[in-house]
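Colleague: Could you pick one part of this model and take me through it slowly? I'd like to see who sits next to whom.

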Protein chains: 2
Amino acid sequence: MADEVVLLSSWFSPFGMRVQIALAEKGINYEFKEEDLRNKSPLLLQTNPIHKKVPVLIHNGKIICESLIAVEYIDEVWSDKSPLLPSDPYQRAYARFWADFIDAKMYQPGRKTWTTKGDEQEASKKEFLECFKLFEKQLGDKPYFNGDNFGFLDVAFIPLHCWFQVIETFGEFKLEEEFPKYFDWVKRCLQRESVSNTLPDQKKIYALACLRRKQFGLD
Amino acid sequence: MADEVVLLSSWFSPFGMRVQIALAEKGINYEFKEEDLRNKSPLLLQTNPIHKKVPVLIHNGKIICESLIAVEYIDEVWSDKSPLLPSDPYQRAYARFWADFIDAKMYQPGRKTWTTKGDEQEASKKEFLECFKLFEKQLGDKPYFNGDNFGFLDVAFIPLHCWFQVIETFGEFKLEEEFPKYFDWVKRCLQRESVSNTLPDQKKIYALACLRRKQFGLD
């Protein structure tokens with residue numbers, strides 16, 4: 001029996017994109033079900049009653065929530081192709097630690113650079129930049145965060161890049177000048193079809209952010 | 001060369017206890033370095049500059065932070081004995097999801113049942129109880145959260161039990177009457193030396209909480 005794989009996500013969700021990239025790396029066909037996060041489907045609420053968030057991966061009826069957990073699941077189920085986590089336990093712990101850092105420390109400040117104003121925005125900009133510096137430093141002179149091969153930590157981070165035009169514009173950053181290694185890494189990642197076919201155009205994301213800012217009364 | 005294993009933790013840290021239990025399950029000797037969290041050691045600040053928290057595991061000079069990541073690391077390095085994560089990818093994802101739930105949803109409300117008062121305390125009590133109910137339901141009729149064998153999810157949760165007298169007393173709960181399956185599970189876990197030798201006496205934890213409440217101006 002062929003695998004039945006369904007992904008509940010939203011086209012602009014960087015968390016959903018992680019799962020899309022992982023599935024693409026493994027060459028898995030799946031059905032993408034677009035979720036309207038302002039009017040969540042009964043299927044989303046039923047499959048993720050705890051967090052009520054995308055992405056939700058459904059594989060032969062088995063439900064896997066939380067993007068990093070889903071990426072590990074995909075890596076373990078389809079282990080014969082494109083390994084994402086390294087095999088060495090310390091390197092695995094390293095990848096898990098920094099992937100967790102993205103979610104725990106960078107995501108909210110990054111989001112607040114364009115969803116808040118005044119002091120809250122200023123504090124978020126500072127926090128985001130400090131975290132980004134710390135994270136980018138992990139790249140060093142390696143081609144990928146995991147070393148020589150595209151892997152778990154790259155999958156965890158690259159989706160945030162499509163939000164960078166938004167963060168740079170509203171946060172008034174010039175990230176490209178300050179972080180050339182990061183932008184070289186982005187170019188390398190975008191050479192992979194798994195990434196380039198998944199990440200939406202930054203302009204489309206920017207248009208969505210402009211709309212949301214109007215709805216939030218910021219513009 | 002024998003493994004050199006050092007653990008920086010505090011005797012009352014449920015996160016540190018996870019690592020202690022995992023090491024004990026694997027039969028690994030290690031040096032426990034007690035940290036004063038009100039006056040953190042240079043070694044802690046140097047080994048965990050991001051979070052500045054215990055536990056930190058140092059294995060032959062390699063530094064592993066974040067308790068769940070450290071438990072997975074221990075399980076992968078010493079894989080020949082007492083496997084903690086199940087081998088099935090879905091069961092692994094399940095264990096990771098609920099372990100994350102403990103940290104993301106239960107820990108702070110649990111802590112606030114005894115570190116806050118008034119409306120904040122009432123809201124925390126309600127939230128803790130709802131999360132605890134959801135979590136306890138996962139046990140079902142299984143002897144352990146992972147199934148027939150003591151594993152990752154048990155390691156993640158059992159340390160919180162030594163804080164239950166504090167939570168029950170200040171939160172005015174009677175958990176034992178309402179959750180007999182949970183208390184049967186606790187008894188099963190405490191039959192393991194890895195657990196009984198690690199968990200401090202609830203009375204000692206209670207005395208610490210009373211002292212902290214005085215310091216916080218709550219009593």
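Modeller: Sure, one term to start: a nonpolar core is a set of buried Ala, Val, Leu, Ile, Met, Phe, Trp, Tyr and Cys residues joined through side-chain atoms within 4.5 Å. Buried here means under 20% relative accessible area, exposed means over 50%, and partly exposed is in between (1.4 Å probe, protein chains only).

Some housekeeping. This is a predicted model, where local features need pLDDT of at least 70 and side-chain atom pairs count only at pLDDT 80 or more, while totals for chains, interfaces and linings use all residues. Residues are numbered from 1 along each chain as its sequence is written, chains are lettered from A and ligands numbered from 1 in the order written, and side-chain values use heavy atoms, leaving out hydrogens and water.

Now the core. The largest one has 146 residues, and A:Phe157, A:Trp185, B:Phe157 and B:Trp185 touch the most other members. Skip residues up to four places away in sequence, and A:Phe157 touches A:Ile102, A:Met106, A:Phe132, A:Phe135, A:Phe145, A:Tyr182 and A:Trp185. As a general habit, nonpolar side chains in soluble globular proteins tend to be buried together.

Next, where the chains meet. In contact terms (heavy atoms within 4.5 Å), 23 residues of chain A pair up with 23 residues of chain B. The two chains bury about 2100 Å² between them, 72% of it on carbon and sulfur atoms; buried area is the accessible area (1.4 Å probe) that two parts lose on being put together, summed over both. A:Ile50, A:Tyr90 and A:Phe97 supply 28% of the area that chain A buries against chain B, more than any other three residues.

There are also 6 residue pairs in polar contact across this interface, both at pLDDT 80 or more. A polar contact is a pair of N or O atoms within 3.5 Å; within protein, one must be able to donate a hydrogen and the other to accept it, and residues adjacent in sequence count only if both atoms are side-chain atoms. On the chain A side, β4 (62-65), α3 (67-77) and α4 (89-115) each give two or more residues. The helices (H or I, at least four residues) and strands (E, at least two) are DSSP runs, numbered from the N terminus. α4(A) gives the most, with 10 residues.

Finally, the charged pairs. A salt bridge is a side-chain nitrogen of Lys or Arg within 4 Å of a carboxyl oxygen of Asp or Glu, and the rule finds 6 of them across the interface of chain A and chain B. A:Arg96 forms one with B:Glu72, closest N and O atoms 3.2 Å apart. A:Glu76 forms another with B:Arg92, at 3.0 Å. A:Glu76 lies in helix α3 of chain A and B:Arg92 in helix α4 of chain B, so this pair joins two chains. B:Arg92 is buried, with a relative accessible area of 15%. B:Glu76 forms a salt bridge with A:Arg92, also with closest N and O atoms 3.0 Å apart. That pair runs from helix α3 of chain B to helix α4 of chain A, and both B:Glu76 and A:Arg92 are buried.

Away from these, B:Arg192 and B:Glu25 meet in a salt bridge (2.9 Å, N to O). They sit 167 residues apart, B:Arg192 in the loop between α9 (180-190) and α10 (193-196), B:Glu25 in helix α1 (residues 14-25) of chain B. B:Arg192 counts as partly exposed at 27% relative accessibility, whereas B:Glu25 is buried at 7%. Salt bridges that share partners join A:Glu72, A:Glu76, A:Arg92, A:Arg96, B:Glu72, B:Glu76, B:Arg92 and B:Arg96 into one network.
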